[in-house]
Amino acid sequence: MRRATWLIVGGFLVAAVAPAQEPLAPEGAIEQLIEEERYRSAVEDALEYAHQPGIAGAQRVEVALEAIANLIEAGPGVVPYLANELDQAEPVTFFFCAFALSHFKTEESEAAIRRALERANQDGSDFANIRKAWCGYALGFMGVVEALDLVNDGQHAAGRYQIHARMSVIEAVALLNATSSVPLLLRQLDDYAEIDSLWAMRVF
């Protein structure tokens, strides 16, 4: 009996000093972590590919579109990581992320672009004006006709920024949205007529 008692006491002592084992993560949580890492890596790879040194002009555009195609293939799970990068407002990655997000027509991607546009509105720098223009273009690409107003609202009137050769943001957004933009453009003809700084931005 005494032997059995000592064995029990010894067992308790061993249990007390033994290192506690980390609980195993549920199988679903591990799979989620793997999936998140896949999306994060896809965004990092796309950013690296799109901004590789030694390319410019039309080749740069082609490479960026290839990188966006890879992100689309990866799936909408990349959106939070693109949004986070957009929030940083880094000159090297901002425009790519804004345009990449516009290819995911989701509430999350639109909200990220709208936030970036509003932050640009609060920033008085020249770079903020360009950021606002690209956000407006990205929203227009998503079919948000309101972008025609958003690019000129606030302290930056970015509608005349040349997003393409010989084409301003407001012209590009109008063309992207075709007939759905007409009512808003007609209203702008009346509104802008009373504001000299905006009259030149009207689209016929």
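Is D87 buried, partly exposed or exposed? With a relative accessible area of 30%, D87 falls in the partly exposed group, because buried would require under 20% and exposed over 50%. Keep that residue in mind, since we'll come back to it after a look at the whole chain. One thing to say up front is that this is a predicted model.

Let's start with the overall layout. The protein chain has eleven helices and two strands. Walk along the sequence and you'll read α-α-α-α-α-α-α-α-β-β-α-α-α. The chain runs to 204 residues, and 38% of them count as buried. On the outside, about 12,200 Å² is exposed, with carbon and sulfur atoms supplying 59% of that area. As for how the chain folds back on itself, take the contacts between residues at least 6 apart in sequence: 64% of these join residues at least 24 apart.

Now back to D87. Its side chain meets that of R119 in a salt bridge, at 2.7 Å from N to O. This pair ties together distant parts of the chain, with D87 in helix α4 (residues 79–87) and R119 in helix α6 (residues 107–121), 32 residues apart. R119 is also partly exposed, at 32% relative accessibility. In general terms, side chains of opposite charge can pair when their charged atoms come close.

Helix α4 has another partner worth a look. Two packed helices are described by the angle between their axes and the distance between the axes. For α4 and helix α5 (residues 94–101), the axes come within 9 Å and cross at roughly 145 degrees. The crossing of α4 past α5 is left-handed. If you want to pick out the residues that touch, α4 brings V79, L82, A83, E85 and L86, while F94, C97, A98, A100 and L101 come from α5. Sort that contact by class and you get nine nonpolar residues, no polar ones and one charged.

Back to charges: how many salt bridges does the structure hold? The count is eight. D149 and R187 make one of them, with their closest N and O atoms 2.4 Å apart. Here again distant parts of the chain are linked: D149 sits in helix α8 (residues 147–150) and R187 in helix α10 (residues 182–192), 38 residues apart. The two ends of this bridge fall into separate accessibility groups, as D149 is buried with a relative accessible area of 14%, whereas R187 is partly exposed at 34%.

R131 and D123 form another salt bridge, with 3.4 Å between the closest N and O atoms. In this pair the arginine is the buried partner, since R131 has 7% relative accessibility. D123, on the other hand, is partly exposed, with a relative accessible area of 26%. Elsewhere, E37, R40 and E44 are joined in a network of salt bridges.

One last stop is N70, which you'll find in helix α3 (residues 57–74). N70 is partly exposed, because its relative accessibility is 45% and the exposed label starts only over 50%. Look across from N70 to D45: the two are 25 residues apart along the chain, and their C-alpha atoms are separated by 9.2 Å.

Methods: Residues numbered from 1 in each chain as written. Predicted model: local features only at pLDDT ≥ 70, side-chain atom pairs only at ≥ 80, totals over all residues. Heavy atoms only, no water. Salt bridge = Lys/Arg side-chain N within 4 Å of Asp/Glu carboxyl O. Helix = DSSP H or I, 4+ residues; strand = E, 2+ residues; numbered from the N terminus. Buried < 20%, exposed > 50% of the residue type's maximum accessible area, 1.4 Å probe, protein only. Axes fitted to C-alpha atoms, helices over the stretch in contact; angles between N-to-C directions. Left-handed = near helix turned anticlockwise from the far one by under 90°. Contact = heavy atoms within 4.5 Å. Nonpolar A, V, L, I, M, F, W, Y, C, P; charged D, E, K, R; others polar. Areas by Shrake-Rupley, 256 points an atom, 1.4 Å probe, with all protein chains shown as cover.
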